[in-house]
Amino acid sequence: MGSKYLVALVVLLAFVGCKDKEQVVVEEIAVVEKPADIYEFGFNLNDFVVKRDTIRQGDSFGVILERNKIGYPRIFSIAEKARDTFDIRRLQIGKPYTLLCSKDSLETPKCFIYQPNQEEFVVISFQDSIHAYTSRKPIKYVEKSVTGVLNSSISQELDKKGISPILTNMLAEQIYAWTIDFTRLQKGDSFKVIYTDKYIDDTIYAGVHNVKAVVFNHKNTPYYAFRYRTDSIKNIYEYYNEAAKDLRRAFLKAPVQFSRISSKYNLNRRIAYYGFALRPHKGTDFAAAIGTPILATANGTVTESQYKGGNGNYVKIRHNSTYETQYLHMQKRKVNVGQHVKQGDVIGWIGMTGNTGGPHVCYRFWKNGKQVDPFKEKLSQSEPIAESLKGDYLDFIRPIKLKLDTLPIFDESKEKQVKTTVTQKE
Ligand SMILES: [Zn+2]
């Protein structure tokens, strides 16, 4: 940049100083300033005057071209011929566009390029003949790794390292949702992640593409996760641990063993007692003898445990950011708010407290704050890897696991201590 300005200054001085030398100087500049080819959208931008802008309120393809000195008959024929590729009425306010114009004094537009998103672009070229096409910018994936020790929350640790919060979400929601409760991570827990970042055009960062492998050390237990393609036709990927076990934990089918369903989830239930009035049943009733243990259907944290009206004694558990379960009419509750429970833990006993005609637990299943039918939720994808894939999987993860295991853990708090010691020696 600096040298460019300097050259411009020399030209100016030359013009002012001696008119005879003008031609010579300009030629010299032409040699010095010969710009490197810059390719974008498949064009050498140095061949054009490049005008970049975004679609504004009131803009249309016609308005933009007209503003750039193209007349209406021509605009119509361009729009008409481009129509099969791109309907010019689909231009959206705020999206970027580029005009490639002739390098003469007229700066006549030769090409209109519209970017509906970061990756795609539409070219409407009217240099000689009119033609239009859609293309994509080159995408580059870069494999990276990050390690760390938790001194604060995982999102803060990753943020300190300049890593996108998308990675935290992928770990918490996609990979470990059923294995580790990310709201209960502990100081000293550590992580090593191998992930892929996505770039458009080599330079524009487009976020974390996927997580290839992770080991999360939680309470001194390592939890491995490896991304593996289980279906090459449908392109389905799953995460399994080092022993080829699925990391997703399905809910227990029932909160009570040896019970029978006495009333299903039914939004159209009508009850004779109430004159066949609509009384939707947003739970599933499991009938069993009074005193039968009620089990947490998945790991989670108790968010409610109390006696209240028609519910009687009940417990509510949050499992992750999406799912909660609730257990009504207990004889007695065994857990308190804030308590962490594991799948299968006894949380209370069958009773008939609150509004109920017989001993049962009314099991309510919440998804994003709404009660849904658990039997209609696609939850139980916790199937082990197919036997036919297991050998291939274990071969596939061997080098990746070795890489994970040999990655040094970067602990910022300790790193600082080491640096301090060295400084003191000097
Ligand atoms: Zn019920």
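What follows is a walk through this predicted model, from an open sheet to a zinc site and the strands around it.

Let's start with the sheet. Five strands line up in the order S3-S4-S5-S6-S7 to make an open sheet, and the pairing is antiparallel. At the edges sit strand S3 (49–54) and strand S7 (131–136), each of which pairs on one side only. Neighbouring strands in this sheet are turned against each other by 20 degrees on average, direction ignored. If you want one pairing to look at in detail, take strand S5 (residues 109–114) and strand S6 (residues 120–125): they run antiparallel and are joined by 4 bridges. Tyr114 is a handy landmark here, standing opposite Val122 in S6.

Just before S5, have a look at the loop that follows strand S4 (96–101). Ser102 lies in this loop, between S4 and S5. With a relative accessibility of 9%, Ser102 counts as buried, because the cut-off for that is under 20%. Its side chain makes a polar contact with the side chain of Asp104, at 2.7 Å.

Strand S6 also leads us to the aromatic side of the story. Searching the whole structure turns up 19 aromatic pairs. One of them is Phe41 with Phe121: the ring centres are 5.0 Å apart and the planes stand at 70 degrees, so this pair is edge-to-face. Phe41 belongs to the loop between strand S1 (39–40) and strand S2 (43–44), while Phe121 is in strand S6, so the pair ties together parts that are 80 residues apart in sequence. Both Phe41 and Phe121 are buried.

Tyr327 and Tyr363 make another pair, with ring centres 5.4 Å apart and planes at 40 degrees, so this one is tilted. Here Tyr327 comes from strand S20 (residues 323–333) and Tyr363 from strand S23, so parts 36 residues apart in sequence are tied together. Tyr327 and Tyr363 are buried too. They also belong to a wider group: Phe251, Phe286, Tyr323, Tyr327, Tyr363 and Phe365 form one aromatic cluster.

Strand S23 brings us to the metal. Which residues hold the zinc ion? The ligands are His281 through NE2, Asp285 through OD and Cys362 through SG, at 2.0 to 2.2 Å. Written along the sequence, the donor spacing is H-x3-D-x76-C. Asp285 sits in strand S16 (residues 284–287) and Cys362 in strand S23 (residues 360–367), so this pair ties together parts that are 77 residues apart in sequence. Are these two ligands buried or exposed? Asp285 is buried, at 8% relative accessible area, and Cys362 is buried as well, at 2%.

Now follow S20 back to its partners. Strand S18 (residues 300–308) pairs with S19 in the antiparallel sense over 7 bridges. The two form a hairpin with 3 residues between them, and Gly309 in the turn has a positive phi of about 40 degrees. Close to that turn in sequence, Lys308 stands opposite Gly312 in S19. From S19 the chain goes on into a second hairpin, this time with S20 and with 4 residues between the strands. S19 and S20 pair in the antiparallel sense over 5 bridges. In this pairing Val315 has Tyr327 in S20 as its bridge partner, which is the Tyr327 of the aromatic cluster. Why call strand S19 (residues 312–318) enclosed? Because 6 of its 7 residues are buried, so the strand is largely enclosed by the rest of the structure.

S20 has a backbone quirk as well. His329, whose place is in strand S20, has a positive phi of about 65 degrees although it is not a glycine. Lys69 shows a positive phi too, of about 70 degrees, and is not a glycine either. The settings are quite unlike: His329 counts as buried at 5% relative accessibility, whereas Lys69 counts as exposed at 59%. Lys69 lies in the loop between helix H3 (61–67) and helix H4 (72–82).

To finish, two charged side chains are worth picking out. Lys316 lies over the face of Trp366, at 3.8 Å from the ring centre. Arg227 does likewise with Tyr237, lying over the face of the ring at 3.7 Å from its centre.

Technical notes: Residues numbered from 1 in each chain as written. Heavy atoms only, no water. Pairing = 2+ DSSP bridges. Axes fitted to C-alpha atoms, helices over the stretch in contact; angles between N-to-C directions. Donors = N, O, S within 2.8 Å, 3.2 Å for Na, K, Ca; no water. Buried < 20%, exposed > 50% of the residue type's maximum accessible area, 1.4 Å probe, protein only. Phe/Tyr/Trp six-rings, centres within 6.5 Å; stacked < 30°, edge-to-face > 60°. Lys NZ or Arg CZ within 6 Å of the ring centre and 35° of its normal. Polar contact = N/O pair within 3.5 Å; in protein donor to acceptor, adjacent residues only side chain to side chain.
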